[in-house]
Amino acid sequence: MYKQLHRFEQILFDACAVSLLVFYAWSAVVAPAATQYHRGIYVLATYILVFLVYRSRSKFMRVVDYVLMALSVITISYWIYNFEAINYRTGAETTLDMTIAVIGVLLGIELARRVVGNVFVVIGVIMLLYGVYGDYMPDLISHAGDTFPALCTSIFYKSDGVFGIMANVLATYVLLFVFFGAFLSKSGAHKFFVDFPLAAVGHKVGGPAKVSVIASGLFGSISGSAIANTVSTGAFTIPMMKKAGFKPHIAGAIEPAASIGGMFLPPIMGAGGFIMAELTGVPYSQIMLVAIFPALMYFFSVYVMVHYEAKKYNLVGEKSKYSAMEILRREWFYITPLVVITIFMLSGYSPGYSAILGILSCIVISWFRKETRIGPKEFIEAARDGAESSLKIGATVGVIGIIIGVLTFSGLVLTFADIVIELAGGSLALTILFIALASLVLGMGVPVTAAYLITAVVAVPALTHLGVNVIAAHMIVYWLSQDSNITPPVCIAAFAGATIAKANMWKTAFSAFKFAKFLYLGPFLFGYVPAFSLDGSATDIVKAFVLIIIGTWFYSWLLSGIWLGYFKKPERA
């Protein structure tokens, strides 16, 4: 998309990308920016870049793109520069305040339409209609309603709307880590993430598939997207699996099943971990500690299933040219940025500060090899790649603001927990299943991070009411929010794997669903085993971990179906 822009537009894009990186680096390391600048500049830059890159096709509509950019500058700048005055006159907004709010809300919907698609727009429009005509709804979900301008005013100016939690998390944490991922890739580290597991396990039973699992964990923790993970690592691992003898739909399924695990694995965990820290008020370092063991169990489950899948057909990979220790000796420095980020976050430094140190370490290690050195040109390219990647989640900020703003405005946030508990009859298991269904449906048209935030706002109170601790409740929702990536009928990550493997999409999707089954076991462990989320004594936690490791192996062995062969052998005899 960037390459399709005119030279002037490319310069504008690069200037915005570098400015974003410099501004938020300064804010994270030197002097925090005031709320209105911290959130407003991110939203403003995102709006401009989306209308710049996700361009209209005709010349006339391209003029409309620039009109929308101008309106974005006017509306968001108005919010920034009148931030305090608008807060003082809450409830007594002027006609100009309301006009700006209406335009700002509508721009957010158009932004989402261009990047995410029409389904997300439909959800946003339905929520606006619900906000306006709430008094016509069934008693269970009815509310007083309001005029459209008044509703937009609430959404655009209040702290739970467009400039609310999503904008804050994206500006504070996610943007800098997206930039970090771009710089890490530019430094050449992505090659190490494939070369090392290839040398370590590539020659064993199911070796190429095991490489896929390990590489997806390493890369997925940083990429923040299961689809991006599938496409990037899958371009290498899926053909390698097919060459080793895996059926195309199995090769295409293993990669997305492994890729979603990166969303659970520290130190970065996509954007969800940062949103969780913001919603719970718990330090991100603690979220990381809680997430490590469940994430490892997810990968262990996929690894075991892959092992037995290969064992059924005696599929063995080829031995790498270099040993794992030799690759580690030559390329150990590529793990430095991840180590730096992890150490500083666990030491109590802010994620933003840690991300900047991670970016600096990426620049340093890039100079270890002549072909990967990050100079001024490469620096701009990495900033450009990071800014472009951030637009996919950033474009949701307007509609997310609408959804959460309307849920808060209508009071449905407070009543939803009672509705779910009543439907489930007070059963925790049924409540988890209802949340799984809700997140699956929501995830069909909404990015998974957005699906987590929306579902968490309404579902976590129901879980905590049933006795689940807050972090475990959020982990349940966060894990289940990933299911739309690999669960039919949508399963975009699985379809991406099928495309690379040149396999039947539905066979690939259902196979990915099979390999990722721990995705559905994890939430029940969070709900019923407090020690799974480090809630309990050291003895309880150790006992639970040992039993869960054994149980995960047995669960994966059972689902692999290899035991069915034991019944067939006597028949052959």
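Residues 24 or more positions apart make up 76% of the protein's contacts with a separation of 6 or more; contact means heavy atoms within 4.5 Å. The model is predicted: local features need pLDDT of at least 70, side-chain atom pairs count only at pLDDT 80 or more, and totals for chains, interfaces and linings use all residues. Numbering runs from 1 along each chain as its sequence is written, and side-chain values use heavy atoms, without hydrogens or water.

**Overall form**

The protein has 28 helices and 0 strands. Both are DSSP runs, numbered from the N terminus: helices are H or I with at least four residues, strands E with at least two. A compact globule of 573 residues would have a radius of gyration near 25 Å; the protein has 24 Å, which agrees. That radius is taken over C-alpha atoms, and the globule rule is 2.2 Å times the number of residues to the power 0.38. Along the principal axes, the C-alpha atoms fill a box of roughly 85 × 65 × 50 Å. Of the 573 residues, 57% count as buried, meaning under 20% relative accessible area with a 1.4 Å probe, protein chains only.

**Helices H13, H14 and H16**

Buried residues of H13 (residues 272-280) are Gly 272, Gly 273, Phe 274, Ile 275, Met 276 and Ala 277. They pack against H8, H14, H17 (351-366), H22 (448-465) and H23 (470-481). Gly 281 follows H13, with a positive phi near 75°.

The axes of H14 (residues 284-313) and H16 (residues 336-346) come within 8 Å and cross at roughly 115°. Axes are lines fitted to C-alpha atoms over the stretch in contact, and angles run from 0 to 180 degrees between N-to-C directions. Tyr 284, Ser 285, Met 288 and Leu 289 of H14 meet Thr 342, Met 345 and Leu 346 of H16.

**The cavity**

The structure holds 1 cavity of 30 Å³ or more. On a 1 Å grid over the protein atoms alone, a cavity is a set of points where a 1.4 Å probe fits but cannot get out; lining residues have an atom within 4 Å of a point. The largest cavity encloses about 30 Å³, a volume being the space filled by probe spheres set on the points. Its lining includes Asp 160, Gly 161 and Ile 404. H8 (165-186) and H19 (397-410) each supply at least two lining residues. H19 gives the most, with 4 residues.

| Site | Nonpolar | Polar | Charged |
|---|---|---|---|
| H14 with H16 contact | 5 residues | 2 residues | no residues |
| Largest cavity lining | 5 residues | 3 residues | 1 residue |

Ala, Val, Leu, Ile, Met, Phe, Trp, Tyr, Cys and Pro count as nonpolar, Asp, Glu, Lys and Arg as charged, and the others, Gly among them, as polar.

Definitions and conventions. 1 Å grid on protein atoms, 1.4 Å probe; cavity = no way out; pocket = protein on both sides within 12 Å on 5 of 7 lines; lining within 4 Å. Buried < 20%, exposed > 50% of the residue type's maximum accessible area, 1.4 Å probe, protein only.
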